[in-house]
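Visitor: I would be grateful for a close look at a single part of this structure. Please take one helix and its packing partners, and then set that part within the rest of the chain.

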Amino acid sequence: MFNSFTEIWLISLILLTSILVLIVTMQLSSALKKLTLDPSKQEEEVSLSWWQKFTGLKPLEKEKDLEMEHQYDGIVELDNPTPPWFMYLFYITILFGVVYLFYYHVAQDGNIQEAEYKTEVAVAEKAREEYMKKFANSVNEDNVKALSAAKDLTEGSTIYSTNCVACHGDKGQGGVGPNLTDVYWIHGGSIKDLFHTITNGVPEKGMIAWNKTLNPIQIQQVSSYILTLQGSNPPGAKEPQGTEQK
């Protein structure tokens, strides 16, 4: 919001400055012409309206005075310079470009496209996190389902690598904790069983409760990832423990 107000203020300042520059330029140009024109042309200049001066238009009856010496096939070129309004506009674009260059690329205070994109992504990600926190509370042992989306399984893999590897091995082969890749389970191997075990832990066997660290959505994701390890047969897998479940 602050950047938006700053940019609006800057653009307004540029426009006001450009208008002032335009007015001053017109006045200086008019004064310079008066000093350089011969007396006869000074009277002619005075007789022109401000609009004629601004646009650089000459009366049709003065067209003969604008003719240049050369001509081709009856076509005569007029000594008609670029209209003042066009030149003033050109000067304004130069001024705007200089200020824009300094503000956005030298001082880097402006909200350039890349910075705007990153800001919007950060805002969207924060909104997503808030939504996920609210939505996560709706997942429990009664309605939890195994996830199959690649994004959820990737998140589950990351959670597993961060929190579970020390006890269950990097491939689920087991270590301090049981092997997660076979069909034998101590506390059940369904998605609901895994969700319950990870949520509440098994304190008497050293399995902590993860509901203080992970939200229900994260527990659902890591539980779903663990189910994908079934039958992977990693090397050095720990001997079966618990009851076989097919």
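Guide: What follows is an account of one helix, α10, and of the parts of the chain around it.

The model is a predicted one. Its chain contains 10 helices and four strands, and the order of these elements along the sequence is α-α-α-α-β-β-α-α-α-α-β-α-α-β. Of the 246 residues in the chain, 22% are buried. Among contacts with a separation of 6 or more, 65% join residues that lie 24 or more positions apart.

The account of α10 begins with its packing against α9. Helix α9 spans residues 191–200 and helix α10 spans residues 216–227; their axes are 9 Å apart and form an angle of about 125°. An angle over 115 but not over 145 degrees counts as oblique, and α9 and α10 are therefore oblique to each other. Their crossing is right-handed. On the α9 side, the contact is made by I191, L194, F195, I198 and T199. On the α10 side, P216, I219, Q220, V222, S223, S224, I226 and L227 take part. Sorted by class, the residues of this contact are nine nonpolar and four polar, with no charged residue.

The partner helix α9 can be described further. Its buried residues are I191, L194, F195, T197, I198 and T199. Among the elements that cover them are β3 (184–185) and α10. Directly after α9 comes G201, with a positive phi near 75°.

One residue of α10, Q220, merits separate attention. Q220 is located in helix α10 and has a relative accessible area of 7%; because this value is under 20%, Q220 counts as buried. Apart from neighbours within four places in sequence, Q220 touches V139, V144, K145, L147, I191 and F195. Two of these, I191 and F195, also appear in the list of α9 residues that meet α10.

The next contact of α10 is with α7. Helix α7 covers residues 150–163, and it packs with α10 at an angle of about 90°, the two axes being 7 Å apart. These two helices are therefore roughly perpendicular to each other. From α7, the contact draws on D152, L153, E155, G156, S157, I159 and Y160. From α10, it draws on Q218, Q221, V222, S224, Y225 and I226. The residues of this contact comprise six nonpolar, five polar and two charged. V222, S224 and I226 of α10 are listed in the contact with α9 and also in the contact with α7.

Beyond α10, the chain enters the loop that leads to β4 (243–244), and N233 is situated in this loop. N233 is a residue other than glycine with a positive phi, near 50°. With a relative accessible area of 64%, N233 is exposed. Another residue other than glycine with a positive phi is D73, where the value is near 55°. D73 belongs to the loop between β1 (67–72) and β2 (75–78), and its relative accessibility of 72% means that D73 counts as exposed.

A further loop residue, K171, is placed between α8 (165–168) and β3. K171 has a relative accessible area of 43% and is partly exposed. If neighbours within four places in sequence are set aside, the residues in contact with K171 are Y160, T181, L229, S232 and P234. Of these, Y160 is also one of the α7 residues that meet α10. K171 and A237 are 66 residues apart in sequence, yet their C-alpha atoms are 9.0 Å apart in space.

A last point concerns the cysteines. The structure holds zero disulfides. The cysteine sulfur closest to that of C164 is in C167, at 8.4 Å, which is too far for a bond; the cut-off for a disulfide is 2.5 Å between the sulfur atoms. The two residues also fall into separate classes of accessibility: C164 is buried, at 16% relative accessible area, whereas C167 is partly exposed, at 35%.

In summary, α10 packs obliquely against α9 and roughly perpendicular to α7, and Q220 of α10 is buried.

Notes
Residues numbered from 1 in each chain as written. Predicted model: local features only at pLDDT ≥ 70, side-chain atom pairs only at ≥ 80, totals over all residues. Heavy atoms only, no water. Axes fitted to C-alpha atoms, helices over the stretch in contact; angles between N-to-C directions. Parallel < 35°, antiparallel > 145°, perpendicular 65-115°, else oblique. Left-handed = near helix turned anticlockwise from the far one by under 90°. Contact = heavy atoms within 4.5 Å. Nonpolar A, V, L, I, M, F, W, Y, C, P; charged D, E, K, R; others polar. Buried < 20%, exposed > 50% of the residue type's maximum accessible area, 1.4 Å probe, protein only.
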